[in-house]
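Here are three short exercises on reading sheets and helix packing from a model. Keep the structure open beside you and try each task before reading its solution.

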Amino acid sequence: MNVHDSERMAGLLEDAGYVPADGDIADVVVFNTCAVRENADNKLYGNLGQLRQVKEAHPGMQIAVGGCLAQKDRETIVKKAPWVDAVFGTHNVGALPALLDRARHNNEAQLEILESLDVFPSTLPTKRDSVYSGWVSISVGCNNTCTFCIVPSLRGKEKDRRPGEILAEIQALVDDGAVEVTLLGQNVNSYGVEFGDRQAFSKLLRACGDIEGLERVRFTSPHPAAFTDDVIDAMAETPNVMPQLHMPLQSGSDKVLKDMRRSYRSSKFLGILDKVRERIPNAAITTDIIVGFPGETEEDFQATLDVVEKSRFSSAFTFQYSKRPGTPAADLPDQLPKAVVQERFERLTALQDRIAAEENASQLGRQVEILVTAQSGRKAEETHRLSGRSKDQRLVHFSVPAGAETPRPGDFVTVTITEAAAFHLVADPATAEDYLLRRSRAGDAWDRAQADSCGVPAPGAAPGKGGVSLGMPSLPVRRS
């Protein structure tokens, strides 16, 4: 969601006449911040400190800070870093260009934080990151009260977009070449609560299935408490909804879940996974887990390990609990020592790494269709492999056999998995017969965008029109 917000900020600035910086020094630097964990605070103030001397050596340079940390810290940012020119929150992203103008005119920092949403972010200009895959916000805000989470106080109550607006944005993306969209919401499956339709999300998924040219639909992140059978049915019965589900567990201990104020228990969580796998046998399921929540005992932690073993996640975001001032959990007794949390974290990641490797090994010999991405692996220069995502969102590095045509980002290739590691798969076709390339509209859009960026017209490109894009979702395995 923050990546998508950053696209909005870039779009606003370009709409106001700014252009991407060419070289090491920019005239405007914008930090879009997160506040979920404490290290976000440390990173921001560390980066601001490094930029102080840069700004002093570059007269006229402006620095802006937005997002969740700005909503939380407000005046603190200007006090700690008085060389910052503009501070804006989660509810008024659209104010960024005006705040920079006022700061320049008045020669003083501008601080503007709203307590409720100004305009729905999707009405703002957007500079999308990719031509083949896009993010689409269906709601913002959250009505839950998880004791560890500061997001509701920073993003506000849930606000839902009307289905017609969402589908129109998706259609516009597809018209510009996108073949994949990811629906975004803080609790994406509670969509419809604002206008009183409990099945609005499953209806939206089915409606996406009627959009010609839209080949892949994903969504993130649902909440287990609100995950209903009609959503599972829609996933199973809508061909372009991908067999992939991100389902946050947070803890396998019912006691800890209660203390977290997560309104489900481990049995319900595992039951959801069973239903999904019954309807979608090849589904890859990923999750979020917090280690070291206040009061977590060794028995509680073992319950988490047990649920992880049963769940067989293909990947997991694992976090060490981060105390956030202003959340109920920050005031709970029995805050755990760092050494205890670290040791449990290492045990959890070791378990999940083993499961991920085993789950990936089960893919050996399987034929998969990959959406080719612009990003390649760290060893791409050495291996000469390209990269992409399978339908279940697994990362696949693949080679192009001699004599075969090289795909463009946005094209599809079908290959057979030949190697498996914990965090990726490899496909090295032995012959051209083992490699099937399907050129796509998204690949054509990629060609047009590349030609436009070089000022060279591409066949079929409208004058002055570049590809619309959204960042391809990526899925790190874990974060400490």
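Before we start, please keep in mind that this is a predicted model.

**Exercise 1. The four-stranded sheet**

Task: Find the order of the four strands in the open sheet, and work out which strands stand at the edges and why one side of each is left without a neighbour.

Solution:
- Step 1. Trace the open sheet across: its order is β1-β2-β3-β4, and the pairing is parallel.
- Step 2. Look at the two ends of that order. β1 (28–33) and β4 (110–112) each have a single partner strand, so one side of each has no neighbour in the sheet.
- Step 3. Follow the twist, which averages 10 degrees from one strand to the next.
- Step 4. Zoom in on one pair. β1 runs parallel to β2 (residues 62–67), and six bridges join the two. Within this pair, N32 stands opposite G66 of β2.
- Step 5. Now add the helices. Helix α1 (residues 2–15) lies across β1 and β3 (86–88), at about 155 degrees to β1. Helix α5 (residues 96–106) also packs on the sheet, where it touches β1, β2, β3 and β4, and its direction makes about 150 degrees with that of β4.

**Exercise 2. The three-stranded sheet**

Task: Describe the open sheet of three strands: what is its order, and which residue is the bridge partner of W135?

Solution:
- Step 1. The order is β5-β8-β9, and the pairing is parallel.
- Step 2. β5 (133–137) and β9 (216–220) are the edge strands, each pairing on one side only.
- Step 3. From one strand to the next, the twist averages 25 degrees.
- Step 4. Five bridges link β5 with β8 (residues 180–184) in the parallel sense. Here W135 has T182 in β8 as its bridge partner.
- Step 5. Helix α1 turns up again: it lies across β5 and β8, running at about 95 degrees to β5.

**Exercise 3. A pair of helices**

Task: How are α8 and α9 oriented to each other, and which residues make the contact?

Solution:
- Step 1. Two packed helices are described by the angle and the distance between their axes.
- Step 2. The axes of α8 (residues 200–208) and α9 (residues 229–237) come within 8 Å and cross at roughly 5 degrees.
- Step 3. Angles under 35 degrees count as roughly parallel, and α8 and α9 are therefore roughly parallel to each other.
- Step 4. α8 contributes F201, S202, L205 and R206 to the contact, while α9 contributes D230, V231, D233, A234, M235 and E237.
- Step 5. Sorted by character, the residues of this contact are five nonpolar, one polar and four charged.

Terms used
Residues numbered from 1 in each chain as written. Predicted model: local features only at pLDDT ≥ 70, side-chain atom pairs only at ≥ 80, totals over all residues. Heavy atoms only, no water. Pairing = 2+ DSSP bridges. Axes fitted to C-alpha atoms, helices over the stretch in contact; angles between N-to-C directions. Contact = heavy atoms within 4.5 Å. Parallel < 35°, antiparallel > 145°, perpendicular 65-115°, else oblique. Nonpolar A, V, L, I, M, F, W, Y, C, P; charged D, E, K, R; others polar.
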